[in-house]
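Here's a quick tour of a ligand site and the pockets that go with it. Have the structure open while you read.

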Amino acid sequence: MKHSSSCENMIKYQLVARGITDERVLKAFFKVPRHKFIPIDIEHLAYNDSPLSIGEGQTISQPYIVALMMQTLELKKDDIVLEIGTGSGYQTALLAEIVGEVFTVERISSLIRNAETLLNKLDYKNIYYKFGDGTLGWQDGHPEQSEFDKIIVAAAAPDIPESLTGQLAMNGKLIIPTGNRTFQQLVVITRTEDGYVHTNEGGCMFVPLIGAEGWEK
Ligand code: SAM
């Protein structure tokens with residue numbers, strides 16, 4: 001009860017009031033219980049307008065930035081989506097509410113283990129998990145999948161990883177925060193018949209994407 005009114009307020013004042021209009025995105029935010037993805041001692045902050053610590057030096061992103069990235073990707077119900085940076089699993093659940101299949105990669109073993117346990121408990125059946133370096137995409141993942149309609153990266157890269165653009169399907173879209181370690185631009189790359197088209201969705205701040213095609217540490 002307490003959580004459902006906080007969730008409604010989050011949607012109204014943080015998302016709709018700032019221009020999130022995609023009904024599928026709003027419906028997913030309504031359905032997924034954000035407080036279940038937050039450490040118990042700060043559960044009361046779950047619907048705040050900010051990122052929160054989830055342990056291991058990592059964060060669950062601010063609700064608005066997650067909604068903006070999802071809306072920008074123009075998600076469809078049959079999309080196959082690659083998510084880099086599972087973290088708490090919250091965004092994974094939001095994606096799984098909307099699209100056909102979600103393939104998620106996380107480099108910190110305790111985070112992906114906890115996320116998988118929770119998402120199984122919440123009965124999501126359309127998610128595949130990989131522990132490893134997501135700068136390389138779904139390389140050597142199970143089940144095999146070589147191309148994705150959408151790719152969403154929830155950590156900041158110094159440059160766009162070529163392995164990720166290489167796994168984008170024709171007409172697919174990749175969204176990734178790109179810049180230095182403190183401030184980045186949200187870059188969208190669309191694969192077209194004529195090549196990759198880049199657009200910029202504005203400034204943002206994310207934890208670093210660490211790996212072979214990201215930051216060293
Ligand atoms: N979307 C997540 C959620 O809803 O909780 C939050 C993601 S958090 C902002 C970024 C995550 O990216 C962290 O969990 C971090 O460990 C992960 N990460 C950083 N570099 C990575 C890499 N190369 N491959 C996979 N995950 C990575």
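## How residues are sorted

Before the pockets, a word on classes: Ala, Val, Leu, Ile, Met, Phe, Trp, Tyr, Cys and Pro count as nonpolar, Asp, Glu, Lys and Arg count as charged, and the others, Gly among them, count as polar. Keep in mind that this is a predicted model.

## Around the ligand

Which residues come closest to the ligand? They are Ser88, Glu106, Asp133, Gly134 and Ile210, out of 27 residues that surround the ligand. Sorted by class, that shell holds twelve nonpolar, twelve polar and three charged residues.

In terms of secondary structure, β2 (58-60), α4 (90-98) and β4 (101-106) each put at least two residues into the shell. The top contributor is β2, with three residues.

## Polar contacts and burial

Two side chains reach oxygen atoms of the ligand. Ser88 has a polar side-chain atom 2.6 Å from a ligand oxygen, and Glu106 likewise has a polar side-chain atom 2.6 Å from an oxygen atom of the ligand. With Gly134 the backbone does the job: one of its N or O atoms lies 2.7 Å from a nitrogen atom of the ligand. As for burial, the ligand taken alone exposes 600 Å², and the protein buries 100% of that.

## The largest pocket

Where does the ligand sit? You'll find it in the largest pocket. That pocket has a volume of about 560 Å³. Its lining runs to 34 residues, with Thr59, Ser61, Ala154, Phe206 and Val207 closest to the centre.

Class by class, the lining of the largest pocket splits into 19 nonpolar, twelve polar and three charged residues. At least two lining residues come from each of β2, α3 (63-72), α4 and β4. Here too β2 gives the most, with three residues.

## The second largest pocket

How much space lies in the second largest pocket? About 270 Å³. It is lined by 16 residues, and those nearest its centre are Lys36, Phe37, Ser88, Asn114 and Leu118. Ser88 is worth a second look: it is on that list, and it is also among the residues closest to the ligand.

Helix α5 (residues 109-121) gives the most to this lining, with seven residues. By class, the lining of the second largest pocket has eight nonpolar, five polar and three charged residues.

Technical notes:
Residues numbered from 1 in each chain as written. Predicted model: local features only at pLDDT ≥ 70, side-chain atom pairs only at ≥ 80, totals over all residues. Heavy atoms only, no water. Near = heavy atom within 4 Å. Polar contact = N/O pair within 3.5 Å; in protein donor to acceptor, adjacent residues only side chain to side chain. Areas by Shrake-Rupley, 256 points an atom, 1.4 Å probe, with all protein chains shown as cover. 1 Å grid on protein atoms, 1.4 Å probe; cavity = no way out; pocket = protein on both sides within 12 Å on 5 of 7 lines; lining within 4 Å. Sits in = over half its atoms within 2 Å of the grid points. Helix = DSSP H or I, 4+ residues; strand = E, 2+ residues; numbered from the N terminus. Points joined across faces, edges and corners; volume = space filled by probe spheres on them.
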